[in-house]
Amino acid sequence: MRTLALAVTLALGSLAAHAETVYTGDKIDGVPVIRKLDISDLPAGTMQRFMFEGASNGIAQHWYVPVIVAKGAQPGPKLGLQASVHGDELNGTRVIQKVFESIDPKTLKGTVIGAIGANPSGMLANNRNWQLMNDGGDMVDFNRIWPGKEKGNTPEQHAWRLWNQLWGGNVDMFIDMHTQSRGTEYPLFIYADYRNPKIREIAELIPADQIKADPGEKGSVETTFVENKIPAITLEIGKPKLYQPELIERSLTGVRNVMIKNGMVDGRLGKTAQDYKAFVGNDMTSIRAEVGGFSEVLVKVGDMVKKGQKVAVQRNAFGDVIREYTASADGKVLAIGNDPLREARGLLVRILIQNPDPACKLGC
Ligand SMILES: [Zn+2]
């Protein structure tokens, strides 16, 4: 695993050494199409829009990802923002738009790159997953296959292109924006690898409700960046398939805080995780349906629960209780299933825990 990470780092390094932005010559709705981005050859003090050429699809066209690049008049850190790796997780698209509305490249120090809709296949299908055409259709979780494969299936190629041709060499901090899945909800919540102090700093600059110190998930965007020594977090912004203005504003404040703290823009820090008294946990447990049935969750996101407390019931169609569920640990409710129809293994309640085991200090 470590050898692979090193190989990827070396590959990225060598790309960065002699890369340059590759324009295909096409425009989409007046926006130039690029196959590769190299921010070093963009003019300083400008904000530019691109359509990034992703993998090709079954009708011999490409999937495109809209990208904005604000390159400051002066050098500085390079921040990457990405939304909708899961196609129905949309709050982040508005956060990124608002970040760029707030940036003046003439006074910016460093560069901000935003990819608004990394998984266009899932977005158009109204679905979390990338949609495959082969063999009558299948679906791929686009947040478990990074850094992709040059000669893999379509989503693997798409991830490979984003990783190598868009982000590689161009960013040194990264925020990947998600929400909870359909039928469930989060507050403003962050997965952050607390083994790296810089990642912890980024996480706590965001006025989140809850943070999990977390060792990461293989194949996710966040973990791929972290394994390649680029500090990254997964920012979970509430619920899918919605714009939630309050959470969008707080996420915007968080991104601006990261920019201020890193000297990219002037200004005073807005509210942070500390101001929101964010609950920082190092472990979590998910209570899942054992059978199919109509579920009633008895707690809300953000409630404190005690081990043994009844948190959900499931009924049959006639209203008879068929299962009761209790909290498996003390902690704070991080997520609930808000869709009453739950099949076996469907999430009912997720509890964020402060586990005293020293082995969990920086995340279990
Ligand atoms: Zn997601």
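1. In which loop does P147 lie? P147 sits in the loop between β8 (138-140) and α4 (154-167); helices (H or I, at least four residues) and strands (E, at least two) are DSSP runs, numbered from the N terminus. A cis peptide bond, with omega about 10°, joins W146 and P147. Most peptide bonds are trans, and most residues other than glycine have a negative phi.

2. On the basis of the model: it is predicted, so local features need pLDDT of at least 70 and side-chain atom pairs count only at pLDDT 80 or more, while totals for chains, interfaces and linings use all residues. Residues are numbered from 1 along each chain as its sequence is written, and side-chain values use heavy atoms, with hydrogens and water left out.

3. On overall dimensions: the protein chain has a radius of gyration of 21 Å, which agrees with the value near 21 Å for a compact globule of 364 residues. The radius is taken over C-alpha atoms, and the globule rule is 2.2 Å times the number of residues to the power 0.38. Along the principal axes, the C-alpha atoms of the protein chain fill a box of roughly 65 × 50 × 40 Å.

4. On secondary structure and annotation: the protein chain contains seven helices and 22 strands. An unreviewed UniProt entry places the feature "domain: Succinylglutamate desuccinylase/Aspartoacylase catalytic" at residues 75-259. UniProt positions are given in the numbering used here, feature names are shortened, and annotations may be inferred rather than shown by experiment. The span of residues 75-259 is 32% helix and 25% strand, and its end C-alpha atoms lie 13 Å apart.

5. On burial and surface: 52% of the 364 residues of the protein chain count as buried (buried means under 20% relative accessible area, exposed over 50%, partly exposed in between; 1.4 Å probe, protein chains only). The accessible surface of the protein chain comes to about 16,300 Å², and 51% of that belongs to carbon and sulfur atoms. Accessible areas come from the Shrake-Rupley method with a 1.4 Å probe; for residues, only the protein chains shown count as cover.

6. On contacts and charge: 66% of the contacts in the protein chain between residues at least 6 apart in sequence join residues at least 24 apart, where contact means heavy atoms within 4.5 Å. The protein chain carries 43 positive and 41 negative side chains, and the centres of the two sets are 4 Å apart. Lys and Arg count as positive and Asp and Glu as negative, with His and the chain ends not counted; the place of a charge is NZ of Lys, CZ of Arg, CG of Asp or CD of Glu.

7. On the loop between β8 and α4: N143 is found there, as is R144. N143 is buried, with a relative accessible area of 5%, whereas R144 counts as partly exposed at 34%. Leaving out residues up to four places away in sequence, N143 touches V85, H86, D176, H178, G219, S220 and V221. The C-alpha atoms of N143 and S220 are separated by 4.6 Å, although the two are 77 residues apart along the chain. R144, with neighbours within four places left aside, is in contact with E217, K218, G219 and S220. R144 and G292, 148 residues apart in sequence, are 27 Å apart in space, C-alpha to C-alpha.

8. On positive phi values: A60 has phi near 60°, a positive value in a residue other than glycine. A60 is in the loop between β3 (46-56) and β4 (62-71) and is exposed, with a relative accessible area of 71%. Phi of K241 is also positive, near 60°. K241 is placed in the loop between β13 (232-237) and α7 (245-261) and counts as partly exposed at 35% relative accessibility.

9. On A208: this residue lies in the loop between α5 (197-204) and β12 (210-213) and counts as buried at 0% relative accessibility. Beyond four places in sequence, A208 touches L188, I190, R250, A273, Y276 and A278. A208 and I190 are 18 residues apart in sequence and 7.1 Å apart, C-alpha to C-alpha.

10. On R315: strand β18 (residues 310-315) holds this residue, which counts as partly exposed at 27% relative accessibility. Neighbours within four places aside, R315 is in contact with G293, F294, E296, D320, V321 and I322. The C-alpha atoms of R315 and F294 are 5.1 Å apart, with the two positions 21 residues apart in sequence numbering.
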